[in-house]
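The exercises below ask for a careful reading of one protein chain, from its side-chain pairs to its sheet and packing. Work through each task with the structure open before turning to the solution.

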Amino acid sequence: MTVSALTRYVCSAHNKEAEKRASIRQGENLLQNSENQPALYAIFHLNLAFSSISQEQRKEVMERCYRPLLAMVEELSLPVGIECTGYTLEAIEKEDPGCLAKLKSLLEQGTCELIASGQSQMIGPLIPAAVNEVNLSLGLKTYEALLGTRPSVAYVNEQAWSAGLLDLY
C-alpha cells in the first residue's frame, strides 16, 4: 500500500468515526497499550533518490506523499519514525522548504522520530568501512544542519547487515 493510499484509507476511516477522532485527540489509549506505551509504531522511508522518481517528479512526490504523511502524523498524533537520507532532506529543502519546516516542527514537538540512514542510501556490507563511516557522518551533519537534531535510531539500508557495521553506528 502506498503512502497516499494509506493516507486516503486512514483519512476516510477517520472522517467516518468522529468519536474516535475526538478520543485520539484527547489522548485516550486507542493507540497505546495498558502500560501507556505505543501499541502501534510505523516507519516511513522517504527516498527521492529512488531510481524510478525523476527530478521532475520530486515536487509531486512531496505534495502527494510526504505532505499528506506529515499532516496525518500531526492530526492523529501517530507514533511514527521517519527515515530519510541527508540527500533526500537536501532535495526536500530545495524543492519544498515548507515540507522540511513541517517535519522539523513535528520532530521538535516529539510527534515523530527521525531515523538515520546516512547521507546516501548504500548497501553497507558491499562498501568499504571507511566509505560507510563518512556516509554516516555526513548524514548526521545534514540532519543536524537542516533539522536541528541527531537521530538516536538508525535504519540499516536494504536490511543488509554485517557484523562490521555495528561499530560504525
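**Exercise 1. State how many salt bridges the structure holds, and describe the pair formed by Glu60 and Arg64.**

Solution. The structure, which is a predicted model, holds four salt bridges, a salt bridge being a side-chain nitrogen of Lys or Arg within 4 Å of a carboxyl oxygen of Asp or Glu. The model is treated with these limits: local features need pLDDT of at least 70, side-chain atom pairs count only at pLDDT 80 or more, and totals for chains, interfaces and linings use all residues. Residues are numbered from 1 along each chain as its sequence is written, and side-chain values use heavy atoms, with hydrogens and water left out.

One of the salt bridges joins the side chains of Glu60 and Arg64, with an N to O distance of 2.9 Å. Because these two residues are four apart in helix H3, about one helical turn separates Glu60 from Arg64; helices (H or I, at least four residues) and strands (E, at least two) are DSSP runs, numbered from the N terminus. An α-helix has 3.6 residues a turn, so residues three or four places apart point the same way. Both partners are partly exposed, Glu60 with a relative accessible area of 38% and Arg64 at 49%, where buried means under 20% relative accessible area, exposed over 50%, and partly exposed in between (1.4 Å probe, protein chains only).

**Exercise 2. Determine which parts of the chain are linked by the salt bridges of Arg67 with Asp96 and of Lys102 with Glu74.**

Solution. Begin with Arg67 and Asp96, whose side chains meet in a salt bridge at 2.8 Å, N to O. This pair links distant parts of the chain, since Arg67 belongs to helix H3 and Asp96 to the loop between H4 and H5, 29 residues apart. Arg67 is partly exposed at 35% relative accessible area, whereas Asp96 is buried at 7%.

Continue with Lys102 and Glu74, whose closest N and O atoms are 3.1 Å apart in a salt bridge. Here too distant parts of the chain are linked, with Lys102 in helix H5 and Glu74 in helix H3, 28 residues apart. Lys102 counts as partly exposed at 28% relative accessibility, and Glu74 counts as partly exposed at 36%.

**Exercise 3. Establish the order of the strands in the sheet and identify those at its edges.**

Solution. The protein chain has six helices and four strands, and from the N terminus on its elements run α-α-β-α-β-α-α-β-α-β. The four strands form an open sheet in the order E1-E2-E3-E4, with parallel pairing; two strands pair if DSSP finds at least two bridges between them. E1 and strand E4 (153–154) stand at the edges, each with a single partner strand, so one side of each has no neighbour in the sheet.

Next, take the pairs in turn. Strand E1 (residues 42–46) and strand E2 (residues 80–84) pair in the parallel sense over five bridges, and Ile43 stands opposite Gly81 in E2. From E1 the chain crosses through helix H3 (residues 58–76) to E2 in a right-handed β-α-β crossover, which means that, with the strands pointing away from the viewer, the path from the first strand over the helix to the second runs clockwise. E2 in turn pairs with strand E3 (residues 112–116) in the parallel sense over four bridges, where Gly81 stands opposite Glu113 in E3.

**Exercise 4. Describe how H4 packs through its buried residues.**

Solution. The buried residues of helix H4 (residues 86–95) are Gly86, Thr88, Leu89, Ala91 and Ile92. These residues pack against E1, H3, E2, H5 and helix H6 (129–147), a contact meaning heavy atoms within 4.5 Å. For the chain as a whole, buried residues make up 36% of the 169 residues.

**Exercise 5. Find the sign of phi at Glu158 and at Gln159, and give the exposure of each residue.**

Solution. Most residues other than glycine have a negative phi, and most peptide bonds are trans. Glu158, in the segment after E4, has a positive phi near 55 degrees, and Glu158 counts as partly exposed at 44% relative accessibility. Gln159 also lies in the segment after E4; its phi is positive, about 50 degrees, although Gln159 is not a glycine, and at 57% relative accessibility Gln159 counts as exposed.
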